[in-house]
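Please look at the chain below before reading on. The paragraphs that follow move from the whole fold to a few of its parts.

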Amino acid sequence: MDNNVVVAASERIDWGGSRAEDGTIVTATETPSSNVHAGLPNPSTGPVRCSLIKGDYFYFHYGCDGQDDRGWGCGYRTVQTMASWLCRSSSCPRIGDMQRALVTVGDKPASFSGSREWIGTVEAALILDCYYGVPCKVVHVRGGGAELEQVAAEELHRHFEEHGSPAMMGGDGDNSSKGILGVCTGDNGSWLLVADPHYYGGPLEKGELQKRGWVAWRSVSSLHPSSFYNLCLPQTAGKPFCPLQSDGPS
């Protein structure tokens with residue numbers, strides 16, 4: 001973890017759940033959708049440098065295991081997507097498991113377990129290290145705009161080229177957790193391939209998720225210009241690839 005990481009109490013992650021689709025009760029998804037970015041074209045037709053996830057993963061989102069976590073659980077869902085890449089399975093730690101792990105390692109008080117408290121990139125790093133022995137690099141970008149273009153895009157290119165795992169992004173003014181599956185940079189700027197965990201509803205095929213914008217390329221210039229951003233980048237070099245397995249509801 002970087003010594004220069006700034007961790008602010010304001011790194012809130014989606015209190016409002018403004019992009020969550022309306023719904024009543026969602027039951028556990030038997031098998032989460034996998035590799036939901038497959039088939040998306042590059043965001044630019046001109047010369048671009050594209051660096052993408054390598055390997056397989058499952059897409060986790062609000063309510064996918066039957067727990068209604070709208071408004072506070074998006075960070076946990078992004079961690080589950082990252083974990084599915086590491087363990088090559090849809091059997092990942094549940095929200096309660098992750099909360100108990102953070103209490104066990106001393107990061108949170110006992111009252112955190114069973115709560116509806118959000119988590120950010122630093123907690124994500126602790127969870128992945130605790131469960132999988134994978135350290136994470138946490139990168140702090142002080143603001144959006146040009147700095148985000150310069151710092152985040154280059155860090156993500158390097159990450160996907162060297163490690164290939166999903167990454168996590170969170171901030172303050174832009175307080176929604178994002179799973180990052182790739183980055184493309186061209187003459188007109190950079191785009192991030194975002195797996196948005198805020199979808200709430202029954203299982204959707206990857207084509208429908210892409211059509212509705214839950215998995216999409218987002219230009220860096222469209223992100224909040226005055227928000228800081230943190231990146232959580234699992235350091236997975238040398239980790240073996242294993243076949244993707246589905247173990248039912250996680």
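Two residues are said to be in contact when heavy atoms of theirs lie within 4.5 Å. In this predicted model, residues 24 or more positions apart account for 75% of the contacts in the chain that have a separation of 6 or more. The chain holds 5 helices and 7 strands, and read along the sequence these elements follow the pattern β-α-α-α-β-α-β-β-β-α-β-β. Of the 250 residues in the chain, buried ones make up 53%, where buried means a relative accessible area under 20%.

A good place to begin is helix α1, which covers residues 74–87. Its 14 residues reach 20 Å from the first C-alpha to the last, and this is close to the 20 Å expected at 1.5 Å a residue. Helix α1 is mostly covered, since 13 of its 14 residues are buried. The residue that follows α1 is R88, and its phi is positive, near 55°.

What covers a helix can be followed through its partners, and one partner of α1 is helix α3, residues 121–132. The axes of the two helices come within 11 Å and cross at roughly 30°; because angles under 35 degrees count as roughly parallel, α1 and α3 are described as roughly parallel to each other. The crossing in which α1 passes α3 is right-handed. On the side of α1 the contact is made by V79, M82, A83, L86 and C87, and on the side of α3 by A124, I127, L128 and Y132. The residues of this contact divide into 9 nonpolar, no polar and no charged. An α-helix has 3.6 residues a turn, so residues three or four places apart point the same way.

A second partner of α1 is helix α2, residues 95–104, which packs against α1 at an angle of about 95°, with the axes 10 Å apart. Angles from 65 to 115 degrees count as roughly perpendicular, and α1 and α2 are therefore roughly perpendicular to each other. Here the contact is made by Y76, R77, V79 and Q80 of α1 together with I95, M98 and Q99 of α2. These residues divide into 4 nonpolar, 2 polar and 1 charged. V79 takes part in the contact of α1 with α2, and V79 is also listed in the contact of α1 with α3.

Helix α2 also contains R100, which counts as partly exposed because its relative accessibility is 45%. Although R100 and S111 are 11 residues apart along the chain, their C-alpha atoms are separated by 9.9 Å.

Returning to α3, its 12 residues reach 16 Å from the first C-alpha to the last, close to the 16 Å expected at 1.5 Å a residue. The buried residues of α3 are T121, V122, E123, A124, A125, I127 and L128, and what covers them includes α1, α2 and the strands β2 (136–141), β3 (167–171) and β7 (229–234). Just after α3, G133 takes a positive phi of about 65°.

The last stop is S165, in the loop between α4 (146–162) and β3. Is S165 buried or exposed? With a relative accessible area of 2%, S165 is buried. If its neighbours within four places in sequence are left aside, S165 is in contact with I53, W85, H159, F160, P234 and T236.

Technical notes: Residues numbered from 1 in each chain as written. Predicted model: local features only at pLDDT ≥ 70, side-chain atom pairs only at ≥ 80, totals over all residues. Heavy atoms only, no water. Axes fitted to C-alpha atoms, helices over the stretch in contact; angles between N-to-C directions. Helix = DSSP H or I, 4+ residues; strand = E, 2+ residues; numbered from the N terminus. Parallel < 35°, antiparallel > 145°, perpendicular 65-115°, else oblique. Left-handed = near helix turned anticlockwise from the far one by under 90°. Nonpolar A, V, L, I, M, F, W, Y, C, P; charged D, E, K, R; others polar. Expected span 1.5 Å × (residues − 1). Buried < 20%, exposed > 50% of the residue type's maximum accessible area, 1.4 Å probe, protein only.
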